2 protein chains.
Amino acid sequence: MLLQETTSSHLADLFSALSDPTRLRIISVLLEGEMNVGDIAAQLEMTESAVSHQLRGLRYMRLVRSRKNGRQVFYSLDDDHVARLYRMGLDHVEHG
Amino acid sequence: MLLQETTSSHLADLFSALSDPTRLRIISVLLEGEMNVGDIAAQLEMTESAVSHQLRGLRYMRLVRSRKNGRQVFYSLDDDHVARLYRMGLDHVEHG
DNA sequence: TGAATACTTGAGCAACTATTCATATATTTC
DNA sequence: GAAATATATGAATAGTTGCTCAAGTATTCA
């Protein structure tokens, strides 16, 4: 059945959150457990700023959750639907 | 495990294909069966040109297949992974 | 208190995207 | 062959996105 405009827009927002290599790589490391911004940036070999900007978007979309401990901020996945979408997509890309 | 750059890029391409309201609405009508460009455009209340441009992208990504009959071109979904991703995403958006 | 650390944020910019509009191609009908 | 129909395509444009760089906020430590 034809998707309504508002629904299609929300769905597009969800997939948009997964439509960037950097965000997907962030998700891939958070699948192993929570990690702080500096370590994520180090793993990705990117600046903390770039990573922080992307985490902001993921946080806004409620795909990740943050926990502050001292001056570090630990991020973790806040949505198992996303992990399932990620894995299904990856499966398609790898053996598709 | 950290996603490699090329893999993350391919995965991002897949999700990018689903990251636009118009493309999602096209997919939503093609889930019911094949349809020609003019009818898709009419259902979406969009110009045929805009729809054709989006179909081009979906075709390029091999998410839809086209079949020409006379001067009409019928499109259908060419990937059940995509239908599954679509449904999983929609489920998240509707009762997430 | 002052310096160092961890992260966030805003502005700016280059690259990308989705639509419109005009035009082109292919097919049918007259 | 000419006109009409169905779709595709290229250029132009407005809007969006992801990064960098510089500056800002917290927090810890000396």
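Let's start at the surface near DNA strand D. Four elements each supply at least two residues there: α4 of chain A, together with α3 (37-44), α4 and β3 (72-77) of chain B. Which helix gives the most to this surface? That is α4(B), with six residues. Please keep in mind that everything I show today comes from a predicted model.

So who sits around strand D? There are 24 residues surrounding it, and the closest are D20(A), G70(A), N36(B), G38(B) and S49(B). Notice the letters in brackets: D20 and G70 come from chain A, while N36, G38 and S49 come from chain B. Sorted by class, the surface near DNA strand D has 14 polar residues, five nonpolar and five charged.

Now let's turn to the other strand, DNA strand C. Here too 24 residues are around the strand, and N36(A), V37(A), G38(A), S52(A) and G70(B) come nearest. The elements that each supply at least two residues to the surface near strand C are α3 (37-44), α4 (48-60) and β3 (72-77) of chain A, together with α4 (48-60) of chain B. α4(A) gives the most, with six residues. By class, the surface near strand C divides into five charged, five nonpolar and 14 polar residues.

If you put those two lists side by side, you may wonder how the two chains are related. As general background, two copies of a chain are related by a rotation about an axis and a shift along it. In our model, chain B is superposed on chain A by a rotation of 180° with 0.0 Å of shift along the axis, and the RMSD is 0.0 Å. That is the relation of a two-fold axis. Which residue of chain B comes closest to the rotation axis? F15(B) does, at 2.8 Å, taking its C-alpha.

The contact between the chains fits into this picture. The same surface serves both copies, since 100% of the contact residues of chain B recur in chain A. The contact takes 31 residues from chain A and 31 residues from chain B. On the side of chain B that touches chain A, α1 (5-17), α2 (21-30) and α5 (80-94) each supply at least two residues. α1(B) gives the most to that side, with ten residues. The residues on that side are 15 nonpolar, twelve polar and four charged.

Let me zoom in on one piece of that contact, where α5 of one chain meets α5 of the other. The axes of α5(A), residues 80-94, and α5(B) come within 10 Å and cross at roughly 170°. The two helices α5(A) and α5(B) are therefore roughly antiparallel to each other. Which residues meet there? From α5(A) we have H81(A), R84(A), L85(A), M88(A), G89(A) and H92(A), and they meet H81(B), R84(B), L85(B), M88(B), G89(B) and H92(B) in α5(B). By class, this contact has six polar, four nonpolar and two charged residues.

Next, a look inside a single chain. Chain A has five helices and three strands. Reading from the N terminus, its elements run α-α-β-α-α-β-β-α. Taken along the principal axes, the C-alpha atoms of chain A fill a box of roughly 50 × 30 × 20 Å.

Remember α3 and α4 of chain A, from the surface near strand C? They also pack against each other, at an angle of about 110° and with their axes 9 Å apart. That makes α3(A) roughly perpendicular to α4(A). The crossing of α3(A) past α4(A) is right-handed. On the α3(A) side you will find V37(A), G38(A), I40(A), A41(A) and L44(A), and on the α4(A) side E48(A), V51(A), S52(A) and L55(A). This contact has six nonpolar residues, two polar and one charged. V37(A), G38(A) and S52(A) are familiar names, as they are among the residues that come nearest to strand C.

One last helix pair, this time in chain B. α2(B) and α3(B) pack at an angle of about 115°, with their axes 10 Å apart. α2(B) passes α3(B) in a right-handed crossing. T22(B), R25(B), I26(B) and V29(B) of α2(B) make the contact with I40(B), Q43(B) and L44(B) of α3(B). Those residues are four nonpolar, two polar and one charged.

That's my tour, so thank you for listening!

Definitions and conventions:
Residues are numbered from 1 along each chain as its sequence is written. Chains are lettered from A and ligands numbered from 1 in the order in which they are written. This is a predicted model: local features need pLDDT of at least 70, side-chain atom pairs count only at pLDDT 80 or more; totals for chains, interfaces and linings use all residues. A residue is near a molecule or strand if its C-beta atom, placed from the backbone, lies within 6 Å of it. Ala, Val, Leu, Ile, Met, Phe, Trp, Tyr, Cys and Pro count as nonpolar, Asp, Glu, Lys and Arg as charged, and the others, Gly among them, as polar. Two residues are in contact if their C-beta atoms, placed from the backbone, lie within 7 Å. Axes are lines fitted to C-alpha atoms, for helices over the stretch in contact, and angles run from 0 to 180 degrees between N-to-C directions. Angles under 35 degrees count as roughly parallel, over 145 as roughly antiparallel, 65 to 115 as roughly perpendicular and the rest as oblique. A crossing is left-handed if the near helix is turned anticlockwise from the far one by less than a right angle, and right-handed if clockwise. Copies are superposed by least squares on the C-alpha atoms of residues with pLDDT of at least 70 in both.
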